[in-house]
Structures are given as structure tokens and as C-alpha cells.
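Thanks for making time this morning. Let me put the model on the screen, and then we can walk through it.

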There are 2 protein chains.
Amino acid sequence: MRVVKKAEDRKNEILDAVDELFGQKGFDGTSTNDILEKVGIARGTLYHHFKSKEDIMDALIDRYAVRLIDGAQEVAADKSIPIVERIIRVVMALNLSGGSSEQIMEHIHKPQNALMHQKIQKVIINGVPPILTEIIREGIQQGLFSTPFPYECMEMVVIYASTVFDDDLVVMTEKERSSRIVAFVCNVERLLGAESGSLMDVMGMFGEGDESSRD
Amino acid sequence: MRVVKKAEDRKNEILDAVDELFGQKGFDGTSTNDILEKVGIARGTLYHHFKSKEDIMDALIDRYAVRLIDGAQEVAADKSIPIVERIIRVVMALNLSGGSSEQIMEHIHKPQNALMHQKIQKVIINGVPPILTEIIREGIQQGLFSTPFPYECMEMVVIYASTVFDDDLVVMTEKERSSRIVAFVCNVERLLGAESGSLMDVMGMFGEGDESSRD
DNA sequence: TATTACCGACAGGCAGTCGGTCTATGCAAA
DNA sequence: TTTGCATAGACCGACTGCCTGTCGGTAATA
């Protein structure tokens, strides 16, 4: 029997299915037939709502983008959180465990999904640094940081973190990983002209309170 | 008439054609028929030499990788060049104009070639930092730099430079670009614990001697 | 009645397979 | 040295099955 729904509902239904399928098989590995079967609609319906397969991906990425940036912005706007902690939380919400977007990102970093990954990367690289830069400026006014290039620093931080800690581009043992985190924090301190250890101290709280101590 | 060649020659012939085709139309946009036509061989021949289309891409990337890393290593090994200048030259050989690999990289940074780009990125991110780290250690011994994390610094530098200056992920005006270069150099000075301006001074020579003054 | 969500057969193009053909090379016999 | 022969592997092109996107038509809704 023919089921008719509102266009927006149907679109979201399709995106939900596609979200899961892309996660399992990647973009290229997922055929439109897979999608049709999963959603339970006909070819024509799919192409009534989306003009191409890539168009579906773009819509999916839009959903991600909004969630990601909104999530980051929400954390960033909470001025009750101390500057340093706020920065770390924003970064973590994007890249590392503990963020609400963990599941979202989880299956994007597969070699199959290169194009999708690149598009997400673009969103992050262009969307997150502005948010962080605002916080940094606040920190500069408070005398915590000192840099003539807050934006470029944040760009560097975000690009590095999202590449090394998020992707599989760099293969690391667990040890290499944690030593890289230490180095990263120290490097960020230098970039921001922060007092040595000022970031590291706050980091400690997160590293333990978030992963290890939960076992 | 049937032309028989040595396997290696034929392979390179195919890779040359593919190099050009991928550059023009991207990986997905290039059909195996395009390749067959360009090289002047039959389907069976192509699949006699390569087991799949992706296998062709991997072989092409291997060629790039060897050229890139070898080129970088060659510059890095020339101990007659002052440390700072050598670093800049290595980075430039990879990313910016003036390097011999300019043409190679030129058409990789298109949205179509996401997978290829990701694979090249992997080569760069894992191959270049070790080379640079060696130079940095030399610089530390000479008292030019001071950092407990030379490798991680170089990783950060390489990842940032290859993402921002090489890709189209960040859209910039020419002005934004050059201001980003200034910021980048200053940030690298901080990371390496170099004297302020010590990198910038050497940079100046390149920026002008390489592009502007040639018009 | 008009709009729009929905349908499914169809076309064109694609990557990869497979059985078979041709050619260069090495070796043995003349 | 020349001739005949066998083997390996470079080469061929028809074929298969799948995949994306189209299109004319149908059913539900407002």
C-alpha cells in the first residue's frame, strides 16, 4: 500500500537510513538500492526528494554540521565556565571521546568515506576556529594568553587535533597517542603564550575524569 | 596490430595516462574506458597489469610518494645549507610554489579526488615529519631551537601547512593568505622556541626571490 | 481540481571477468 | 649456426551484472 508523508519527514527518514548505511559500508559501498530497500520506498521517490546520491550526502553533512557547530557554540557561550576549561571542552566536544557527537563522527573516519570526511573537515576547519578565537580573546583580556594571532593559532590547533586525534591518517600506539596529547598541550601553551602548565593542569581533570576512571 | 611491451614499461605508460586523466577529470570522473582509449590498449590488458581501478590509483600514489619523499630527503641531506633555510626549503618543496613537485600536486587538490588526496596526505604526514625532525635536532644542538617535542612540532607544522596552504579546504583571499603565512612563521618560531624573527628573516628571501620578483 | 508525494520499468554506462590469441624467448635437435 | 618447438606471459574484446539517474504515469491530499 502506498504511504504518503510530508516531504520533510520523508527526507529525514531517508537521511536516517543513509546515516546508518554510510557508516556501515561507506558512501561508494552503499547503493541507492540499499537505501530504497532500507527505507522501503521506490527509486522515483528517492529522486523526488534528492537530486542525486551526492545530494543526499550533502544533506547528511548539513545535519552533522549544524549539530557540531551548535554543540560547540553552546559550550563556548557558557561564560560561567573558566576560560581554559571551556576551550578544552569545545575541542573535546568535536574530536575526542565524551562529546555528544562521538557517534556521529565515529564512522566517518574510514578510508571509504574520503569525500564525506573531507566535507566534514571543511565544516570543522571553517566553523570551529571562529568560536574558539572568541574565547581566546577573552583569555587575552584576562591576561591568560598573549598572541597577536589568536585566529591562526586556533586554526592550527583545530586542524592538527582533528587530523591526528580523530583520523586514522596517523597510526599510533596507545602510548604514542598519550605522549602526543602531552606534547600537543605544551605546544598549544607556547602558541598562546600561556604560562607553562596552565593548560596541562586543567587537562588532567578531563583525561582522568572522562575515560580511565570510568572503568 | 598487436604491440607487446615489457610489463613495467606498459605499467608506466598506463600510469602516465592515468596521471593526466585523473588530473583533468578526477578519479571517479575517469572511466576505465577513458584509460583504455588514451593508452590504446584493450580491457584485458589493463586488468592484466592492475587488479582494479583503485590499484591503479595506489600505484600512481606510490610514484608520487617516492618523488616527494626523495625530493624532501635530498634537500634535507644537504648539510651545507643553513638549518633554517633548509627547513624552509623542505617545506616549500612539498607545499608551496617553487618545488619540483608543484605540477604533481597541482591537480590533486580538487574535491573530486578526495580519496587520492587523503592517500597523498597520509604519505606526507607520515613521511615528512621524520625528515624535518632530524634537522630540528641539529638546530637544537646548535642552540637555535629549544623544544622537548621536535617530532610533534614538525607534525603540527606539516599538517597545518599542507592543509591550509595546499588544499582548498580553507578559502582565502590573497591578503588573508599572506597574513596567514606571517602568522604561521611566528607560530612556528614559538613552537620551536626560536628567537623571534629568526625564521621570518630567512622567509623573506624566499617569498620575494621566488614569486613576486620573477614577473 | 491541482498539487505533490510516490511508483517502477527502463536506458546508458560502468568495473571487472574470462576464455582464448598472439608473440617473444629459451632450448633442443638437425 | 640454423631450425623447430614449447612455454610464459602480454594482450584481446565480448560479456555479465550492477548501478545511477530518468520519465511517464498513478494515487493521495488539500
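I'll take the symmetry, then the two DNA strands, then two helix pairs.

A caution before we start. This is a predicted model.

Symmetry, then. Turn chain B by 180° with 0.0 Å of shift along the axis, and it superposes on chain A with an RMSD of 0.0 Å. That is the relation of a two-fold axis. Both copies use the same surface, and 100% of the contact residues of chain B recur in chain A.

Now DNA strand C. There are 25 residues around DNA strand C. Which come nearest? They are A:Gly44, A:His48, A:His49, B:Thr32 and B:Arg43. So both chains are on that list, if you'll allow me the reading. Sugar or phosphate holds 59% of the strand C atoms within 4 Å of the protein, and bases hold the rest.

Three polar contacts on strand C. A:His48 places a polar side-chain atom 2.6 Å from a phosphate oxygen of DNA strand C. For A:Arg10, a side-chain N or O atom sits 2.7 Å from a phosphate oxygen of that strand. A:Arg2 goes to a base instead: a polar side-chain atom lies 3.2 Å from a base oxygen of DNA strand C.

Which elements build this surface? At least two residues each come from α1 and α3 of chain A, and from α2 (32-39) and α3 of chain B. The most comes from α3(A), with 5 residues. By class, the surface near DNA strand C has 8 nonpolar, 10 polar and 7 charged residues.

Next, DNA strand D. Here 24 residues surround the strand, and A:Thr32, A:Arg43, B:Arg10, B:Gly44 and B:Thr45 come nearest. Of the strand D atoms within 4 Å of the protein, 60% are sugar and phosphate.

Again, three polar contacts. B:Thr45 has a side-chain N or O atom 2.7 Å from a phosphate oxygen of DNA strand D. A:Lys53 uses its backbone, with an N or O atom 3.0 Å from a phosphate oxygen of the strand. B:Gly44 also uses a backbone N or O atom, 2.9 Å from a base oxygen of DNA strand D.

Two or more residues each come from α2 (32-39) and α3 (43-49) of chain A and from α3 (43-49) of chain B. The largest share is that of α3(B), at 5 residues. The split near DNA strand D is 7 nonpolar, 10 polar and 7 charged.

Last topic: helix packing in chain A. Two packed helices are described by the angle between their axes and the distance between the axes.

Pair one is α1 (residues 7-29) with α4 (residues 53-77). Their axes come within 10 Å and cross at roughly 105°. α1(A) and α4(A) are therefore roughly perpendicular to each other. Residues in this contact include A:Leu15, A:Val18 and A:Phe22 from α1(A), and A:Ile56, A:Met57 and A:Leu60 from α4(A). The contact has 9 nonpolar, 1 polar and 6 charged residues.

Pair two is α8 (residues 150-164) with α9 (residues 174-192). Their axes are 11 Å apart, at an angle of about 170°. That makes α8(A) roughly antiparallel to α9(A). Among the residues that meet are A:Met156, A:Val157 and A:Tyr160 in α8(A), and A:Phe184, A:Val188 and A:Leu191 in α9(A). This contact divides into 11 nonpolar, no polar and 1 charged.

That's the tour. Thank you.

Conventions:
Residues numbered from 1 in each chain as written. Chains lettered and ligands numbered in written order. Predicted model: local features only at pLDDT ≥ 70, side-chain atom pairs only at ≥ 80, totals over all residues. Heavy atoms only, no water. Axes fitted to C-alpha atoms, helices over the stretch in contact; angles between N-to-C directions. Helix = DSSP H or I, 4+ residues; strand = E, 2+ residues; numbered from the N terminus. Parallel < 35°, antiparallel > 145°, perpendicular 65-115°, else oblique. Contact = heavy atoms within 4.5 Å. Nonpolar A, V, L, I, M, F, W, Y, C, P; charged D, E, K, R; others polar. Near = heavy atom within 4 Å. Polar contact = N/O pair within 3.5 Å; in protein donor to acceptor, adjacent residues only side chain to side chain. Least-squares fit on C-alpha atoms with pLDDT ≥ 70 in both.
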